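Student: Could you go through this model with me before I head back to the bench? I would like to begin with how the chain is put together.

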Amino acid sequence: MRILVVEDEVDLARTLHTGLTAEGYSVDLAHDGRQGLWMARTGAYAAVVLDLMLPGLNGYKVCAQLRRESNATPILVLTAKNGEWDQTEALDTGADDYLAKPFSYLVLVARLRALVRRAAAVAPPVLAVGDLSLDVAARVCRRAGDRVDLTPREFAVLELLARRAGQAVSKADLLYHAWPDDALDPNLVEARVSVLRKKVDAPFHRQSLQTVRGIGYRLVDDRERG
């Protein structure tokens, strides 16, 4: 079971890595908000431990963005900001629990276990557009029942298009979603969409990935054209 720890205090992050690993978790670390957002999007995590005061992108924004994208991974906010307004804002932006520094490690582990238990009772989201499906938790793409192997960037692009199926999605939105650290060159999106068409459309004689001139792309159910 994988846990993502997003914490810019390197010593604390390493301590959490060591402790949670000893508890039987597989732990990934991120030390800034943008890296944490990218990893939370592209990895199937049982939970995220998220600091609020992060460089690049603060924890409030990371949490809010994940929830806007319908990412339901449980989030435990871990922070030195212990005012009631800070706690309220963290919970209102989508966090599932809140633990102030300094904290009891035993309480942290117990709260993580509780979050994971509750999340396990909810089926992971599967996005479906026609016969194209994306298992967001497992990071698996299938078309007409056949598995289609995608890179993390390709999956991220297709995921956002699937979440907004039938709608035009701008290249800027796709860049920010799939390249949060380097979202400048629209050619990155064009190249990935070209590859995606070769993987999810061409072999199945489909045209579900459509270009919207002057805007970007949209994903549609085009089975009647098959």
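Student: What share of the contacts between residues at least 6 apart in sequence join residues at least 24 apart?
Tutor: In this predicted model, 56% of the contacts between residues at least 6 apart in sequence join residues at least 24 apart.

Student: And how many helices and strands are there?
Tutor: The chain holds eight helices and 12 strands, and its C-alpha trace spans about 60 × 35 × 25 Å along the principal axes.

Student: Which radius of gyration does the chain have, and what would a compact globule have?
Tutor: The chain has 19 Å, and because a compact globule with 226 residues would be near 17 Å, the value agrees. Of those 226 residues, 47% count as buried.

Student: Switching to charge, how many positive and negative side chains are there?
Tutor: There are 30 positive and 30 negative side chains, with the centres of the two sets 5 Å apart.

Student: Where is the cis peptide bond?
Tutor: The bond from Lys 101 to Pro 102 is cis, with omega near -10°, and Pro 102 sits in the loop between β5 (97–100) and α5 (105–120). Most peptide bonds are trans, and most residues other than glycine have a negative phi.

Student: Which residues other than glycine have a positive phi here, for instance?
Tutor: Among them are Arg 139, with a phi of about 60°, and Ala 144, with a phi near 55°. Arg 139 is in the loop between β7 (132–135) and β8 (140–143), while Ala 144 lies in the loop between β8 and β9 (146–148).

Student: Is Arg 139 buried or exposed?
Tutor: Arg 139 counts as buried, because its relative accessibility is 18% and buried means under 20%.

Notes
Residues are numbered from 1 along each chain as its sequence is written. This is a predicted model: local features need pLDDT of at least 70, side-chain atom pairs count only at pLDDT 80 or more; totals for chains, interfaces and linings use all residues. Side-chain values use heavy atoms; hydrogens and water are left out. Helices (H or I, at least four residues) and strands (E, at least two) are DSSP runs, numbered from the N terminus. The radius of gyration is taken over C-alpha atoms; the globule rule is 2.2 Å times the number of residues to the power 0.38. Buried means under 20% relative accessible area, exposed over 50%, partly exposed in between (1.4 Å probe, protein chains only). Contact means heavy atoms within 4.5 Å. Lys and Arg count as positive and Asp and Glu as negative; His and the chain ends are not counted. The place of a charge is taken as NZ of Lys, CZ of Arg, CG of Asp or CD of Glu.
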